[in-house]
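Work through the exercises below with the sequence and the model side by side. Try each task before reading its solution.

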Amino acid sequence: MIDIDFELIDKIPTPSYVIEEKKIIRNLEILDSVQKQTGCKILLAQKAFSMFALYPLIGKYLKGTTASGLYEAKLGHEYMGGETHIFSPAYPDEEFDEITQICDHIIFNSFEQLNKFKSKIKNNQIGLRVNPEYSEIEHEIYNPCAKNSRFGVKLNKILKNKNNLKDINGLHFHTMCEQNSDVLWRTVQIFDEKFGDFFKLDNIKWINFGGGHHITRSDYDIETLVRSIMFIKNKYNISVYLEPGEAIALNTGVMVSTVLDIIDNTDFGDQFPVAILDASAACHMPDVLEMPYRPEVLNAGKPGEKKYNYRFGANTCLAGDIIGDYSFDYKLKSGDKIIFGDMAHYTMVKTNTFNGVKLPSIILLKKDSAIKIIKEFGYEDFKNRLS
């Protein structure tokens, strides 16, 4: 459900991502309550949400950031501080020295990478990502435990390389995507059965449950999350980390766009008129095409629910740059504002400038309803990504 002041939105240039400060705080308070109940440490996964203008605020609640590469690590280190964790399928040689200076936790994806770089590590905590070979993710593109996965070391390989375990301080697994805690509970049981004995080693002090936990969703079962954390923490007397991304920004922002034109060929066989927007699935919300999914739109219903039906298309040359089909109680016209819900996570981190399409501005709606433009983009941003 999109609940945002339409009169305020009407003052905002388009396209824009609009993030609400009070909703970010609401999510952070939920996450902090889990930390206080369990003693776990929760990190911001920057791959989902990297609005570093909010890092000082997020850092008041969470314990740090996690990164997928050097640049994300630098961003978290510079703008939030706290703990800086990193995991990458493989680390480039030329970046590793700087990674050791920035990151206090470095997680490896293979024994080969661990053995290659361990001599360069001095004061950093070292982790190993494992593959429990168990996941309940339905979309294969997001399933890190799918067949032929490149993520994590499987149990049989660990058993053949036990001597390497002396070089690590913790284990990491990531098997979830937008899921509730019942999935985590089942995963933890399987993980414990396969890998629990390794926590009896004196040098292994922590576990990272990865991301994909939808902790701030309205129907999320926090009690089962707490039970999952405490089960491992108490059984082995180790520290537990979680690194959600979406949960920090879930339902905290919208994308505001404008109808540029209406293409109506329904008299010539088309199913719906097409509303051309200054928003693009391919450029501004790629998960619409990758997942795929149909984003919620303020005051809109599914096709046929309301009187007037439209297909939303982007102002790009990609024929498949279609956002979805919607219906309204009124006819759309050029200049109308269209508001897409839940557009904070996995949007601005994935934007691109295909066709020279303008990147959406980033706007913060303050607690007092003041509008603060954090960043606007123009031609130079497009040009500087090219040569």
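**Exercise 1: two residues with positive phi**

S369 is partly exposed, with a relative accessible area of 39%; partly exposed lies between buried, under 20% relative accessible area, and exposed, over 50% (1.4 Å probe, protein chains only). The model is predicted: local features need pLDDT of at least 70, side-chain atom pairs count only at pLDDT 80 or more, and totals for chains, interfaces and linings use all residues. Residues are numbered from 1 along each chain as its sequence is written, and side-chain values use heavy atoms, with hydrogens and water left out.

Task: Place S369 and state its phi.

Solution.
- Step 1. Find S369 in the loop between strand 15 (361–365) and strand 16 (371–375). Helices (H or I, at least four residues) and strands (E, at least two) are DSSP runs, numbered from the N terminus.
- Step 2. Read the phi of S369: about 75°, positive although the residue is not a glycine.

Task: Do the same for E178, and give its exposure class.

Solution.
- Step 1. E178 sits in the loop between strand 7 (170–172) and helix 8.
- Step 2. Its phi is near 55°, a positive value in a residue other than glycine.
- Step 3. E178 counts as partly exposed because its relative accessibility is 31%.

**Exercise 2: cis peptide bonds**

Task: Locate the peptide bonds from T14 to P15 and from M291 to P292, and state their omega values.

Solution.
- Step 1. The bond from T14 to P15 is cis, with omega near -5°. P15 lies in the loop between helix 1 and strand 1.
- Step 2. The bond from M291 to P292 is cis, with omega near -15°. P292 lies in the loop between helix 12 (287–290) and strand 12 (308–314).

**Exercise 3: the surroundings of T14 and K337**

Task: Is T14 buried or exposed, and which side chains make polar contacts with the T14 side chain?

Solution.
- Step 1. Start with the position: T14 is in the loop between helix 1 (6–9) and strand 1 (16–20).
- Step 2. T14 has a relative accessible area of 18%, so it is buried.
- Step 3. Its side chain makes a polar contact with the side chain of T258 at 2.6 Å, and another with the side chain of D278 at 2.6 Å. A polar contact is a pair of N or O atoms within 3.5 Å; within protein, one must be able to donate a hydrogen and the other to accept it, and residues adjacent in sequence count only if both atoms are side-chain atoms.
- Step 4. Widen the search to contacts (heavy atoms within 4.5 Å). Beyond four places in sequence, T14 is in contact with residues including V256, S257 and K337.

Task: Which backbone oxygens does the side chain of K337 reach?

Solution.
- Step 1. K337 belongs to strand 14 (residues 337–341). K337 is buried, with a relative accessible area of 18%.
- Step 2. A polar atom of the K337 side chain lies 3.3 Å from the backbone oxygen of D10. The K337 side chain also reaches the backbone oxygen of I12 at 3.2 Å.
- Step 3. Contacts of K337 beyond four places in sequence include F6, I9, T14 and V256.

**Exercise 4: helix 9 and its partner**

Task: Describe helix 9 from end to end.

Solution.
- Step 1. Helix 9 (residues 222–236) has 15 residues and reaches 22 Å from its first C-alpha to its last. That is close to the 21 Å expected at 1.5 Å a residue, where the expected span is 1.5 Å times one less than the number of residues.
- Step 2. D221 caps the N-terminal end, with a side-chain oxygen 3.2 Å from the backbone nitrogen of E223.
- Step 3. Just after the helix, N237 takes a positive phi of about 55°.

Task: Which residues of helix 9 are buried, and what covers them?

Solution.
- Step 1. The buried residues are T224, L225, V226, S228, I229, I232 and Y236.
- Step 2. Their cover includes helix 2 (21–38), helix 8 (181–195), strand 8 (206–208) and strand 9 (239–242).

Task: How do helix 8 and helix 9 pack?

Solution.
- Step 1. The two pack at an angle of about 20°, with their axes 8 Å apart. Axes are lines fitted to C-alpha atoms, for helices over the stretch in contact, and angles run from 0 to 180 degrees between N-to-C directions.
- Step 2. Helix 8 and helix 9 are therefore roughly parallel (angles under 35 degrees; over 145 is roughly antiparallel, 65 to 115 roughly perpendicular and the rest oblique).
- Step 3. Residues making the contact include L184, W185 and V188 of helix 8 and L225, S228 and I232 of helix 9.
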